[in-house]
Amino acid sequence: MDYRTESPAIIRDFLFYHETIKGHSKRTIDEYFLDLRTFFRFLKIHKKLRPDDIQFEEISIMDIDLDFVKSVTISDVYEYLAFLSRDRPKQHNSRYTDYGLSATTRARKIAVIRSYYKYLTLKTKQLDENPVADLDSPKIKKSLPRFLSLDESVKLLDNVSGANRERDFCILTIFLNCGLRISELAGLNLTDLRADSIRVLGKGNKERIVFINDACADAINDYLAARKSVAAVDRNALFLSARRTRISTSTIHSLVKKHLSAAGLDSAKYSSHKLRHTAATLMLNSGVDVRTLQELLGHEHLNTTQIYTHVENENLRDAAQRTPLSGYKKEDG
C-alpha cells in the first residue's frame, strides 16, 4: 500500500502535508489514507457513482477531484457515520466478523475528515467554506485506565527470569518508572543514553528528555554489560531481539505478557501500554503534579494527562480521613 500511487492529488497533497510538515509517522499517514479512502468509497456508493458489480474494497478513488470534494455535505457525513456504526465489518479478512465500528473508532475517522476539510479551507484555500465545520463526533464512553498497584509492580519485577533477563528487566523497569510508549522504547538508541536521562523520540518526531532514577540507571548498566557479548546487527539499537536486530514492538508486547503471567498477574487484563498507565498513576499518587506528568509522558494536550487525576488516589483517600469531622457521629436523641 502506497498512498503516493493509490490516491488522487486532492488527497495525496493532504497526506504529503502531514508527513513532511506536521512530521507524522508513516503508520499515521497510512491510517489517514485508509480512512479517507473508506470515506470516499462510501460516498461513491451513496451518490450512486459506482457500478453495481464492484465490491466495496475494489472501488477506486483515483477520480476524486475538487468538485467531488466540494459536493460533500454534512448530511453525507452523518450517513457515513451510520454506515460505520451499522454496516462496516470490524474485521475485513474474516467471514465471521461482527458489524459496526466502536464509537472510539468512528470518532477517529471523523477527526481525519475534519482535518482534511480544515486543510482544504484554511491551508490551501481550495474551499471557501468548510462543510463539516459543525460536525459532531460520536459520544465516547470515558473509562479509567487500568494499572498495576505498587505491590503488583514489584511482583512483576521480582519474577523476571530467563535467557534475556537483563534486557527484559531493563525494559520493564523503564516502562514502570518512565512511562514511555512502546514505540518510544523500541526506538531507543545507545546514543540516546545520558548519565541521568534518556533522549526520547515521541509522536510527531518530537524529542523530549526523560530523567531516570537509580533503579533505571542500574537496570540499564546491567543490561549494557550483558549486551557487550552480543554481536549486534543493528549496532546503534539499545534493545536487541534474539536475531540481534532492533527489538520490535510485537516482541516487547510478548515479553510483557510472558512476565505478567510468570508473576501470577492477569496477562489478558494488562499489557505494555498498561505499564505506561501504571507509571503515570504511581507518580501522580506520589505527589507529581499533572503538568510535570504531561511533560514526562510527552502528551501534547493537558486533558490527555488529566485522565489520571480521576483514578483512585490514596492521597485523596487519606485526606478524607484526616478532616477534623471524620470521626463525628450524631448522638441519639
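In this predicted model, Lys 22, Lys 118, Lys 123 and Lys 125 form a positive surface patch. Two members of the patch, Lys 123 and Lys 125, can be described further, together with a lysine found elsewhere in the chain.

Lys 123 belongs to helix H6, which covers residues 103-123. Lys 125 is placed in the loop that runs between H6 and helix H7 (150-158). Lys 48, for its part, lies in the loop between helix H3 (26-46) and helix H4 (66-70).

Are these three lysines buried or exposed? Lys 123 counts as exposed because its relative accessibility is 55%, a value over the 50% cut-off. The relative accessibility of Lys 125 is 60%, and this residue therefore also counts as exposed. For Lys 48 the value is 75%, so Lys 48 is exposed. The table sets out these values.

| Residue | Relative accessibility |
|---|---|
| Lys 123 | 55% |
| Lys 125 | 60% |
| Lys 48 | 75% |

The backbone of two of these lysines deserves a remark. Which sign does phi have in Lys 125? Phi is positive there, about 60 degrees, although Lys 125 is not a glycine. Lys 48 likewise is a residue other than glycine with a positive phi, in this case near 55 degrees.

Helix H6 also contains Arg 114. With a relative accessible area of 30%, Arg 114 is partly exposed, because the value falls between the cut-offs of 20% and 50%. Which residues does Arg 114 touch, leaving aside those up to four places away in sequence? Its contacts are Val 132, Leu 135, Asp 136 and Ser 137. A further pair can be described by distance: Arg 114 and Asp 134 are separated by 20 residues in sequence, while their C-alpha atoms are 9.5 Å apart in space.

The protein as a whole provides the setting for these residues. Its secondary structure consists of 15 helices and 2 strands. Of the 333 residues in the protein, 40% are buried. The exposed area comes to about 19,500 Å², and carbon and sulfur atoms supply 49% of that area. Among contacts with a separation of 6 or more, 58% join residues that are 24 or more positions apart.

Notes: Residues are numbered from 1 along each chain as its sequence is written. This is a predicted model: local features need pLDDT of at least 70, side-chain atom pairs count only at pLDDT 80 or more; totals for chains, interfaces and linings use all residues. Side-chain values use heavy atoms; hydrogens and water are left out. Helices (H or I, at least four residues) and strands (E, at least two) are DSSP runs, numbered from the N terminus. Buried means under 20% relative accessible area, exposed over 50%, partly exposed in between (1.4 Å probe, protein chains only). Contact means heavy atoms within 4.5 Å. Accessible areas come from the Shrake-Rupley method with a 1.4 Å probe; for residues, only the protein chains shown count as cover. Patches are made of residues with over 30% relative accessible area and no salt bridge: like charges are joined within 9 Å, nonpolar side chains (Val, Leu, Ile, Met, Phe, Trp, Tyr) within 5 Å. A salt bridge is a side-chain nitrogen of Lys or Arg within 4 Å of a carboxyl oxygen of Asp or Glu. Lys and Arg count as positive and Asp and Glu as negative; His and the chain ends are not counted. The place of a charge is taken as NZ of Lys, CZ of Arg, CG of Asp or CD of Glu.
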